Amino acid sequence: MKKKLKSYSKKEVLQQLASYCAYQDRCMQEITLKLKDYDLPQEEKDWVVDQLISEQFIDELRFARTYSRSKFYYKKWGKKKISYALKGKGISNKHIDEGLKEIKETDYFDTLETLLEKKKNSLKDSEPFTVKKKLYAYAVSKGYEPSLVMSIIE
């Protein structure tokens, strides 16, 4: 069954997407996906996107910075996981690098140490090799660099 598209004027769509962007930073990919819900000709969709960009509702650099900060400080993701997620959203490498600069190196190191300490305390196993293996796997799955994880574990 085909999804029924919403029928609005381009100005109504612009207003709805401006509210969508004002609620939280959005990237171009999210806007493009949202526009598929509307029954508008492509040139009107392009006009809506141009307006959102010119009125600074869409700003990929701001998005990369906000996304990097929030995923690190709230979800405790490592830089690799953040980078892959941003790439998946179509953000340029230049913007990804700028976004990752929002994470302070001292905070990054301290957070990884804290995560590893909490994980170590939650493990039932006391065999040192197994503990290290599990800690390593956990931190790498959170997106931290393997070499940094190993230096802290050792």
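In this predicted model, helix H7 (residues 105-122) and helix H9 (residues 146-153) pack with their axes coming within 11 Å and crossing at roughly 60°. That angle makes H7 and H9 oblique to each other, and the crossing of the two helices is right-handed. On the H7 side, the contact is made by Tyr108, Phe109, Leu112, Glu113 and Leu116, while H9 brings in Leu148, Val149, Ile152 and Ile153. Sorted by character, the residues of this H7–H9 contact come out as 8 nonpolar, no polar and 1 charged.

Tyr108 of H7 turns up again among the aromatic residues. The structure holds 5 aromatic pairs. One of them joins phenylalanine 72 and tyrosine 73: the ring centres sit 4.7 Å apart with the planes at 75°, so this pair is edge-to-face. As for burial, phenylalanine 72 is buried, its relative accessible area being 0%, whereas tyrosine 73, at 30% relative accessibility, counts as partly exposed.

Phenylalanine 72 also pairs with tyrosine 108. Here the ring centres are 5.7 Å apart and the planes stand at 35°, so the pair is tilted. Because phenylalanine 72 lies in helix H4 (residues 60-73) and tyrosine 108 in helix H7, this pair ties together parts that are 36 residues apart in sequence. Both phenylalanine 72 and tyrosine 108 are buried. Taken a step further, ring pairs link Phe72, Tyr73, Tyr108 and Tyr144 into a cluster. Tyr108 thus shows up twice, in the contact of H7 with H9 and in the aromatic cluster.

How values were computed:
Residues are numbered from 1 along each chain as its sequence is written. This is a predicted model: local features need pLDDT of at least 70, side-chain atom pairs count only at pLDDT 80 or more; totals for chains, interfaces and linings use all residues. Side-chain values use heavy atoms; hydrogens and water are left out. Axes are lines fitted to C-alpha atoms, for helices over the stretch in contact, and angles run from 0 to 180 degrees between N-to-C directions. Helices (H or I, at least four residues) and strands (E, at least two) are DSSP runs, numbered from the N terminus. Angles under 35 degrees count as roughly parallel, over 145 as roughly antiparallel, 65 to 115 as roughly perpendicular and the rest as oblique. A crossing is left-handed if the near helix is turned anticlockwise from the far one by less than a right angle, and right-handed if clockwise. Contact means heavy atoms within 4.5 Å. Ala, Val, Leu, Ile, Met, Phe, Trp, Tyr, Cys and Pro count as nonpolar, Asp, Glu, Lys and Arg as charged, and the others, Gly among them, as polar. Rings of Phe, Tyr and Trp (its six-membered ring) pair if their centres lie within 6.5 Å; planes under 30 degrees apart count as stacked, over 60 as edge-to-face and the rest as tilted. Buried means under 20% relative accessible area, exposed over 50%, partly exposed in between (1.4 Å probe, protein chains only).
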